[in-house]
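Student: I should like to examine the pockets of this protein and the surroundings of its ligand. Where should we begin?

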Amino acid sequence: MRKKIVAGNWKMNLSIQEGANLIDTVCAQMPTLKEHQQVVFCAPYTHLHNAHLSLQKASKNNTFLGAQNCNPNASGAYTGEISIGMLKECGVSNVIIGHSERRQYFNESNEFLKQKTDALLAQNMQVIFCCGEPLEIREAGTQNDYVAKQLQESLFHVTADQLQQQVVIAYEPIWAIGTGVTASTQQAQDMHFFIRSLLASTYGAEVAANITILYGGSCNASNAAELFSCTDVDGGLIGGAALKPETFLPIIEAMA
Ligand code: PGA
């Protein structure tokens, strides 16, 4: 059975104390996760050490600490950057890459994301690889080609084993991120089915069936269960609704 995952992406929000409190409350109140279910907290860099301690204290199975970015270089003169080794030192096991905000505001290219993918895989990290189209591409109806290019240029060079063991794909239509506009279940299912078909044509049907594909973009307590009920939607990458226990917990529960 492929993994179901709910990952919270806090973005640049919360104080260190607020983040620790959030983890404490969510871990205390969430249902016991089944073997194939995971919850990941993707905190800002400055939170990671404390967040790791909170997760250790809570000692809940299948809960993990994630970062929202990394630099692919091992060390050196990269002012302001954080290496994967540094993240591991803080207890991070999962890293989001390719988020549209990083592509858009920090000009991250498919080539650069390929480097990050390779560096993370080499360091045995779990990759949450984001893809998704802007509104004008959706309106032009060329979203499948757009997403296929993102995946082909940054991800599909990895081996089937690496993909199955270390990679989760998150489809996040940019027009749905932080806008309150969610993709309809049909739109989400159609794209997730397309991504799985691409995986099947590249790696074979068996591998494709094993890859977790998350939906992200205004996923919240009231729409999560419906989105997660789609055949090819295996959970969510959650922004705004991941910042409070009362909005995040019901999304975790919707993974059932
Ligand atoms: P949102 O963000 O849930 O606030 O739309 C999702 C994301 O950017 O990962």
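Tutor: We begin with a term: a polar contact is a pair of N or O atoms within 3.5 Å. The model before us is predicted.

Student: At what distance from an oxygen atom of the ligand does a polar side-chain atom of Lys-11 lie?

Tutor: A polar contact needs two N or O atoms within 3.5 Å. For Lys-11, the pair consists of a polar side-chain atom and an oxygen atom of the ligand, and the separation is 2.7 Å.

Student: Which residue places a polar backbone atom 2.9 Å from an oxygen atom of the ligand?

Tutor: His-99 uses a polar side-chain atom, which lies 2.7 Å from a ligand oxygen, so the cut-off of 3.5 Å for a polar contact is met. The backbone partner, at 2.9 Å from an oxygen atom of the ligand, is Gly-239.

Student: How much of the ligand's area does the protein bury?

Tutor: Taken alone, the ligand exposes 290 Å². The share of that area buried by the protein is 94%.

Student: Which class is the most numerous among the residues of the shell around the ligand?

Tutor: The ligand is surrounded by 13 residues, and Lys-11, His-99, Glu-172, Gly-178 and Ser-218 are the closest. The shell divides into four nonpolar, two charged and seven polar residues. Glycine is counted as polar in this scheme. The most numerous class is therefore polar.

Student: In which pocket does the ligand sit?

Tutor: One candidate, the largest pocket, has a volume of about 490 Å³. The other, of about 200 Å³, is lined by residues of which Gly-178, Gly-217, Ser-218, Gly-239 and Gly-240 lie nearest its centre. The ligand sits in the second largest pocket.

Student: How many charged residues are in the lining of the second largest pocket?

Tutor: This pocket is lined by 15 residues. By class, eight are polar and five nonpolar, and the charged residues number two.

Student: Which helix gives the largest share of the lining of the largest pocket?

Tutor: The lining comprises 17 residues, with Lys-11, Met-12, Gln-68, Arg-102 and Phe-106 nearest the centre. Its classes are eight nonpolar, five polar and four charged. The largest share is three residues, and it comes from helix 4.

Student: In which loop is Asn-107, which has a positive phi, found?

Tutor: Asn-107 is not a glycine, yet its phi is about 50 degrees. Its place in the chain is the loop between helix 4 and helix 5.

Technical notes:
Residues are numbered from 1 along each chain as its sequence is written. This is a predicted model: local features need pLDDT of at least 70, side-chain atom pairs count only at pLDDT 80 or more; totals for chains, interfaces and linings use all residues. Side-chain values use heavy atoms; hydrogens and water are left out. On a 1 Å grid over the protein atoms alone, a cavity is a set of points where a 1.4 Å probe fits but cannot get out, and a pocket is an open set with protein on both sides within 12 Å along at least five of seven lines; lining residues have an atom within 4 Å of a point. Grid points are joined across faces, edges and corners, and a volume is the space filled by probe spheres set on the points. Helices (H or I, at least four residues) and strands (E, at least two) are DSSP runs, numbered from the N terminus. A residue is near a molecule or strand if one of its heavy atoms lies within 4 Å of it. A polar contact is a pair of N or O atoms within 3.5 Å; within protein, one must be able to donate a hydrogen and the other to accept it, and residues adjacent in sequence count only if both atoms are side-chain atoms. Accessible areas come from the Shrake-Rupley method with a 1.4 Å probe; for residues, only the protein chains shown count as cover. A molecule sits in a cavity or pocket if more than half of its atoms lie within 2 Å of its grid points.
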